[in-house]
Amino acid sequence: MRAAFPGWRLAVFTGNPDLGHRIGLRAHKQYALRNGPLEAKLLLMEVPELDADASPEGASPRRSEGAQMFANRLEKNRKRLKKWLKQSGESCYRLYDADMPEYALAIDVYGDRVHVQEYAAPRTIDAGQAQKRLFEALAVIPEVLEVDPTRVVVKRRERQSGSAQYQKQGASGERFEVREGRARLWVNLRDYLDTGLFLDHRPVRRMLGEMSPGKRFLNLFCYTATATVLAALGPRAAEGTVGATDSVSVDLSNTYLEWAQDNFTLNGLDPSRHRVVRDDCLRWLEAAEGEFDLIFMDPPTFSNSKKMEGTLDVQRDHGRLVRLAMARLAPGGTLVFSNNQRRFKLDADLAEHYAVEEISSKSFDMDFSRKPGLHHVFLIRHREAV
Ligand SMILES: C[S@@+](CC[C@H](N)C(=O)[O-])C[C@H]1O[C@@H](n2cnc3c(N)ncnc32)[C@H](O)[C@@H]1O
């Protein structure tokens, strides 16, 4: 309103006067009215003239000190990533991750759109304060990033109980295409908690692309199968489809498997060579036959999806999962095993049976390098092959 309608009068009719106060303009008149059975208020406000209290750069007027510091931090992070973004050509990246604890947000840029996740505030933080800061941040983000506010999507990220994480949040159907290396991928910022593309795993996908030429590739817990797309396309510097010759991508969710197939179509991958399978990975592995030269297994930290028996807990179950995956790995092949469990500890038993190399510290691009505990990545091979 300040930017588009300076000098206008604004009337807001709301059933939530508390939120009305957070608009950041003072109401000079209030009328208590009813909206059917609901108590409501009509708030009248004056939108200030632009130059009356605009900051020198013409940015939003009267930022609080905290909001200004938050804006400065976004600018600083942009500068820090600028060279890397130019060199890498990436258009999807993490810009900010609760760098200032009082603005507890993760901000990811997807092309010309922005995905903001609000971390649930600890109980010690006053809910009103947290909300005020969120609104401040939401005013700052479009200005600093120079994007239209309608292209900023906000979600609250809470510790999810099991399958809630994968449930639908909306039905906008608003998906759009982004690029990662040579891959073209569908993302959707609005309808699910996750976007279809986990940005922290970009280096792992790139590595899979480098390792994949001529290989038979297996992607377990494939989600939207972005890793399969990168593996099938092959090394970043190559041209055409010169990566994995064949692949199988397994996931429990039909929705994500359809999304995976749309990603394959977008990249011209042959569906007779790149198959998707809907199954519980444990069950599938127990019955599976055949060999793969390269396997990527990135299970969720926890899952209690109704579509599978029991629950999956990566800390508890990874030993069994890794052993079953290794039974499908051809001699000389590599299993890339990763997960996002913060305090993950690999079963000591696995390192006795297999050649295990942890590459977590090398598995972050610059946009995630300041939060290096976000995931763990291991390369696991048969001992005789080493
Ligand atoms: C954390 S995501 C995996 C991310 C993915 N590997 C990637 O790189 O984008 C978790 C995925 O596991 C799937 N999932 C959860 N439990 C499963 C199970 N028991 N078997 C197969 N897929 C499962 C979910 O449907 C979801 O797509």
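**Figure 1. The whole protein chain, with 10 helices and 18 strands.** The model shown in these views is predicted. Along its principal axes, the C-alpha trace of the protein chain spans about 80 × 45 × 40 Å. The protein chain has 386 residues, and buried residues make up 32% of them. Of the contacts between residues at least 6 apart in sequence, 64% join residues at least 24 apart. The protein chain is divided into domain 1 (1–61), domain 2 (63–158) and domain 3 (175–385).

**Figure 2. Where domain 2 touches domain 3.** The centres of these two domains, taken over C-alpha atoms, are separated by 28 Å. Contacts join 15 residues of domain 2 to 14 residues of domain 3. On the domain 2 side, at least two residues each come from helix 3 (65–88), strand 4 (92–97), strand 5 (105–110), strand 6 (113–119) and strand 7 (152–157). Strand 4 gives the most to this side, with four residues. By class, the residues on the domain 2 side are six nonpolar, three polar and six charged.

**Figure 3. The open sheet of four strands.** Strands of a sheet pair through backbone hydrogen bonds, and the pairing is either parallel or antiparallel. In this sheet the order of the strands is 4-5-6-7, and the pairing is mixed. Strand 4 and strand 7 stand at the edges; each has a single partner strand, so one side of each is left without a neighbour in the sheet. On average, neighbouring strands here are turned by 20° against each other, direction ignored. Strand 4 pairs with strand 5 in the antiparallel sense, over five bridges. Within this pair, Tyr-93 stands opposite Val-109 in strand 5.

**Figure 4. The open sheet of seven strands.** The strands follow the order 12-11-10-13-16-18-17, with mixed pairing. At the edges are strand 12 (274–278) and strand 17 (354–358), each with a single partner strand, so one side of each is left without a neighbour in the sheet. Neighbouring strands of this sheet are turned by 15° against each other on average, direction ignored.

**Figure 5. Strand 11, strand 12 and the helix that packs on them.** Strand 11 (residues 246–251) runs parallel to strand 12, and five bridges join the two. One residue to find is Val-248, whose bridge partner in strand 12 is Arg-275. Helix 7 (residues 254–266) packs on the sheet and touches both strand 11 and strand 12. The direction of helix 7 makes about 175° with that of strand 12.

**Figure 6. Strand 18 with its partners, strand 16 and strand 17.** Strand 16 (residues 329–339) pairs with strand 18 (residues 376–382) in the antiparallel sense, over five bridges. Phe-337 stands opposite Phe-378 in strand 18. Strand 17 also runs antiparallel to strand 18, and five bridges join them. Here Glu-357 stands opposite Leu-379 in strand 18. As a general rule, the side chains of a regular strand alternate between the two faces of the sheet.

**Figure 7. The residues around the ligand.** The shell around the ligand holds 21 residues, of which Phe-221, Tyr-223, Ser-253, Asp-298 and Ser-303 come nearest. Helix 6 (226–233) and strand 11 each supply at least two residues of this shell. Sorted by class, the shell has 13 nonpolar, five polar and three charged residues.

Note on methods. Residues are numbered from 1 along each chain as its sequence is written. This is a predicted model: local features need pLDDT of at least 70, side-chain atom pairs count only at pLDDT 80 or more; totals for chains, interfaces and linings use all residues. Two strands pair if DSSP finds at least two bridges between them. Axes are lines fitted to C-alpha atoms, for helices over the stretch in contact, and angles run from 0 to 180 degrees between N-to-C directions. Two residues are in contact if their C-beta atoms, placed from the backbone, lie within 7 Å. A residue is near a molecule or strand if its C-beta atom, placed from the backbone, lies within 6 Å of it. Ala, Val, Leu, Ile, Met, Phe, Trp, Tyr, Cys and Pro count as nonpolar, Asp, Glu, Lys and Arg as charged, and the others, Gly among them, as polar. A residue is buried if 20 or more other C-beta atoms lie within 10 Å of its own, exposed if 12 or fewer, and partly exposed in between; C-beta atoms are placed from the backbone. Domain bounds come from an automatic or database domain assignment.
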